[in-house]
Amino acid sequence: MRLLPLDHPGLADHRSPGRFLWWLAKGQWRTLVMGMLFGIVWMSTQAVMPAVIGLAIDRGVAAKDGGELLKYALIMFLIGLVQAASGIMRHRFAVTNWLTAAYRTVQLVARQTVHLGGTLPRKVSTGEVVAIGTSDLSHLGQVMDVSARFAGAIVSFLLVSVILLQTSVTLGLVVLIGVPTLMLLVGPLLSPLQTRSARQRHLTGELSNTASDIVGGLRVLRGIGGEQVFHDRYKRESQATRRAGVEVAKMQSMLDALQVFLPGVFVVIVVWLGARYAVDGRITPGELVAFYGYSAFLMIPLRTATEYANKFIRAKVSARRVCHVLALTPDITDPATPAPSPPVGAELRDARSGLRVRTGAITAIVSEQPDESAALADRLGLCAAETDGDVTLGDVPLTALLREEVRRRVVVSDTAAVLFSGRLADRLDLTGTGAVDRALDTASAADILEALPDGLETIVAERGRTFSGGQRQRLVLARALVADPEILVLVEPTSAVDAHTEARIATRLRDHRAGRTTVITTSSPLMLDAVDEVAFLRDGRIVATGRHGDLLVTDPAYRTVVTRESEPVEAAR
């Protein structure tokens, strides 16, 4: 199915809940129309069945005419066949509509997630996005599912009303006036249901977010003994979500009860009126049976109508959350008129900090505050929340280039990078270069591969949780090396490995990235000793550059950071 670009004005105009639902319906109008047509045929055949039964009683049974009875029996048989066939097709199109709406929403949200990149976790919690992929998809699909039956309910209601008006004006008016009245009685429940559903949806998203945090940091929690604290927090939030669900269930149960009670009262009224007319001789016994059949049948369109209203309310709540994500804009957008691409080998510079990255060399950034050097690394790759034209490639600001070009030429791999679930080979070789073995060797990760029974065919668990912290870090480094970008920025790539492994990585990385530009944020002496140049970052500015050994001798403040001396020497004051 074809999807509009995320920045298409036609899609942007439909980011309110109601318009988004209309946009979904418009995008699958063919299957919706077919579902409605079969829904109309399916319910209409049920609607006319009581009339055929009534005629069979009057003209066949009461008149003792076997031919007429056989004729109407055949008519009922044919109607039954049509009803069965149309019912099967209606259900098929209903399921198609459900799946189409759900997967189109998945595609939109997934594309928006890629479009936002690092902006998404800064503006929306993980639990919010997870809730869209669970409960919200179901509600959006259900409103498309029930649309086929709802169309059939409207047409069959009008058809029954016409039949009743032709038989008895009084009974016809009772149906025409009574059914809308019953719907109005249910109406006041819909607004509170929407409010409570919205609150439950919000709490569900918060609970999912808490669960994700606990699962992601379980090892850390166990290490510091914080399991009970987060257990109590999760318990409180889950109980709040449960209470909100109970409030929704109370309103839902009342609505479901009215869906049975009000049509039941309506059936009693119609049957009572029909029985009185039969006693008075104004209608025949067959017409009385038909009236009862109509009354029983009318419960179906009535319940379908209230079901549609209920699911529409829930879908509107879910659409509001989807629209919230779709309405987000990335912190960094493509320029209206991109600048010409800098030549390969252009020098990367940051005017704010004074950093100049030598082309084809390995440059290390050292800072007493790791967050400070990580923020600089994000700026170099156009990944920071706030950017300006300070970072240039050649003489061209990164903000003047297309994001796709920047992402292709400058790759930032930080400590928060994770492995997605799937085949390990596919998770490491994202570009299809096939240079996985060499990258694994450089990252000193060959032992990880040897320990896996299926090697590169191993299926990675969610977020790579089956690997230790050091193993994940080395696999993430290997993934970055396989991409082989023009400029590679590594944030603390060896912080979770032992000294022997780090030494091997430092030595092999130099050979692997020969002729390519590499930037590493680290304060490890083993890594610093293997780089071409070190840039010392203090208070957001590069205050010293040079070889690691030279800086140890000439810059006491640098020596304090790298050797972790308890106090700086006097010369650093």
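**Exercise 1. Determine whether Asp-484 is buried, partly exposed or exposed, and describe its backbone.**

Step 1. The relative accessible area of Asp-484 is 33%, so this residue is partly exposed. The classes are buried for under 20% relative accessible area, exposed for over 50%, and partly exposed in between, with a 1.4 Å probe and protein chains only.

Step 2. Asp-484 sits in the loop between α18 (469–483) and β9. Helices (H or I, at least four residues) and strands (E, at least two) are DSSP runs, numbered from the N terminus.

Step 3. The phi of Asp-484 is positive, near 50°, and the residue is not a glycine. Most residues other than glycine have a negative phi.

The model is predicted: local features need pLDDT of at least 70, side-chain atom pairs count only at pLDDT 80 or more, and totals for chains, interfaces and linings use all residues. Residues are numbered from 1 along each chain as its sequence is written, and side-chain values use heavy atoms, with hydrogens and water left out.

**Exercise 2. State where Ser-444 is found and whether it is buried or exposed.**

Step 1. Ser-444 belongs to the loop between α16 (436–442) and α17 (446–451).

Step 2. With a relative accessible area of 6%, Ser-444 is buried.

Step 3. Ser-444 is not a glycine, yet its phi is positive, at about 55°.

**Exercise 3. Find the surroundings of Val-489.**

Step 1. Val-489 is part of strand β9 (residues 487–491).

Step 2. Its relative accessible area is 0%, so Val-489 is buried.

Step 3. Apart from neighbours within four places in sequence, Val-489 contacts Ala-377, Leu-380, Val-410, Val-411, Val-412, Ser-413 and Val-519. Contact means heavy atoms within 4.5 Å.

Step 4. Between Val-489 and Ala-416 there are 14 Å in space, C-alpha to C-alpha, and the two are 73 residues apart in sequence.

**Exercise 4. Do the same for Glu-502 and His-139.**

Step 1. Glu-502 is in helix α19 (residues 499–512), and its relative accessible area of 8% makes it buried.

Step 2. Neighbours within four places in sequence left aside, the contacts of Glu-502 are Thr-494, Val-497, Ser-524, Leu-526 and Met-527.

Step 3. His-139 is in helix α6 (residues 126–167). At a relative accessible area of 19%, His-139 is buried.

Step 4. Not counting residues up to four places away in sequence, His-139 touches Arg-314, Ala-315 and Ser-318.

**Exercise 5. Work out how α2 is oriented against α12, and which residues make the contact.**

Step 1. The axes of helix α2 (residues 17–27) and helix α12 (residues 299–326) come within 8 Å, crossing at roughly 95°. Axes are lines fitted to C-alpha atoms, for helices over the stretch in contact, and angles run from 0 to 180 degrees between N-to-C directions.

Step 2. The two helices α2 and α12 are therefore roughly perpendicular. Angles under 35 degrees count as roughly parallel, over 145 as roughly antiparallel, 65 to 115 as roughly perpendicular and the rest as oblique.

Step 3. Pro-17, Phe-20 and Leu-21 of α2 contact α12 through Phe-312, Ala-315, Lys-316, Ala-319, Arg-320, Val-322, Cys-323 and Leu-326.

Step 4. Sorted by class, the residues of this contact between α2 and α12 are nine nonpolar, no polar and two charged. Ala, Val, Leu, Ile, Met, Phe, Trp, Tyr, Cys and Pro count as nonpolar, Asp, Glu, Lys and Arg as charged, and the others, Gly among them, as polar.

**Exercise 6. Describe the packing of α3 and α11.**

Step 1. Helix α3 (residues 29–62) packs on helix α11 (residues 285–297) at an angle of about 160°, and their axes are 7 Å apart.

Step 2. That angle makes α3 roughly antiparallel to α11.

Step 3. The residues that meet include Met-43, Gln-46 and Ala-47 in α3, and Pro-285, Gly-286 and Glu-287 in α11.

Step 4. The contact of α3 with α11 holds 11 nonpolar, four polar and two charged residues.

**Exercise 7. Decide which elements have the lowest and highest mean pLDDT.**

Step 1. The protein averages a pLDDT of 83, and 90% of the residues score at least 70. pLDDT is the predictor's confidence in each residue, from 0 to 100.

Step 2. The lowest mean pLDDT among the elements is that of helix α1 (residues 9–12), at 43, and the highest is that of strand β10 (residues 517–521), at 96.

Step 3. Residues 4–14 have a pLDDT below 50, and beyond near neighbours in sequence this stretch has 20 contacts in the model.
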